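I set out to record where the ligand lies and what surrounds it. The entries below follow the order in which I looked things up.

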Amino acid sequence: MSARWIVESLHETEGFTTSYRADKVLYEENTGQQQLVIFDNPIFGRMMALDGVTQVAEKDEFVYHEMMTHVPVLAHGNVKKLLIIGGGDGGILREATRHKSIEKITMVEIDPAVTDFSKKHLSMVSAGAFDDPRLDLVFADGTVFVAESKESYDVIIVDSTDPIGPGVVLFEEAFYRNARARLAPGGVIVTQNGVPFLQSTELTGTIEKFRRLFSVATCYLATIPTYVGGPMAMGWGTDDASLIDVPVETLRTRFAAAGFDTRYYTPEVHKAAFALPRYVLKCLPA
Ligand code: SAM
């Protein structure tokens, strides 16, 4: 029997697809909110796709999860409360729980099936983090949570799908405005903003809105092999301009004090990630 290939259709209308050989399909269903498939690929390991879009791959997820988490947490330097919007696979949660100084982690995921099947079939990604006693796991739409919550957070990490299906609302100004209201003074929000070479409007759209809401609005970059098309952009919104200028020596001290090892993140990579190539700078509204 010939192998099955899972096609990533994110850029199909623009004339570009990626396909992964699925040596084993562990799970596949419509969750009622999204089409979910989990399968094994010989190069990238266990993978999950939602609505035809790659969400996480066992072999390269560390790049994205480390950079989405450690850059804001170590730039801030004194995070007590952290909010994750989305993040159903548990990778951001894993990296957040490595910071012993964080006292409370709230994770708001819209689709319980993603978390349930990630715990079952992608346990290497969450690595037990769902059992962390600091976790408050809420199944809800992130836009509703930030609109109704009265809590404040030092860091908000929006690990969302692309603006497809339930993820569309997480790229709207109302969500960003309410998320800003959940930030404690000196807090920062980071957002998954796609691959600028192929998804420039996703980044431009977010930064345009951030510019109306925050005194500092920019992005930083990291390259994740299964997020095809070059470096991925991570949106950055805060009113504390000093967070970007934290000296590398200070980041080294904070990283050493955090006391864990990484596979991608370093204080030097952190600083370099904010140096944007011209084609990405052009995606940022003037
Ligand atoms: N890192 C991946 C990426 O860059 O594409 C995202 C991974 S994570 C699995 C995305 C999560 O966002 C999914 O579990 C999805 O259910 C969740 N999500 C989508 N829309 C949401 C919403 N409105 N509120 C909360 N979670 C949402």
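Entry 1, site. I find the ligand in the largest cavity. By cavity I mean a set of points on a 1 Å grid over the protein atoms alone where a 1.4 Å probe fits but cannot get out; a molecule sits in it if more than half of its atoms lie within 2 Å of its grid points.

Entry 2, basis. I note that this is a predicted model, in which local features need pLDDT of at least 70, side-chain atom pairs count only at pLDDT 80 or more, and totals for chains, interfaces and linings use all residues. Residues are numbered from 1 along each chain as its sequence is written, and side-chain values use heavy atoms, with hydrogens and water left out.

Entry 3, shell. I list 27 residues around the ligand, of which Gln-34, Glu-109, Gly-142, Asp-159 and Tyr-227 come nearest; a residue counts if one of its heavy atoms lies within 4 Å.

Entry 4, polar contacts (N or O pairs within 3.5 Å). I see a polar side-chain atom of Glu-109 at 2.5 Å from a ligand oxygen. A polar backbone atom of Gly-142 is 2.9 Å from a ligand nitrogen, and a backbone N or O atom of Ile-110 lies 3.3 Å from a nitrogen atom of the ligand.

Entry 5, cover. Of the 590 Å² of accessible area that the ligand has on its own, I record 99% as covered by the protein (Shrake-Rupley method, 1.4 Å probe).

Entry 6, extent. I note that the C-alpha atoms of the protein fill a box of roughly 60 × 45 × 35 Å along the principal axes.

Technical notes
A polar contact is a pair of N or O atoms within 3.5 Å; within protein, one must be able to donate a hydrogen and the other to accept it, and residues adjacent in sequence count only if both atoms are side-chain atoms. On a 1 Å grid over the protein atoms alone, a cavity is a set of points where a 1.4 Å probe fits but cannot get out, and a pocket is an open set with protein on both sides within 12 Å along at least five of seven lines; lining residues have an atom within 4 Å of a point.
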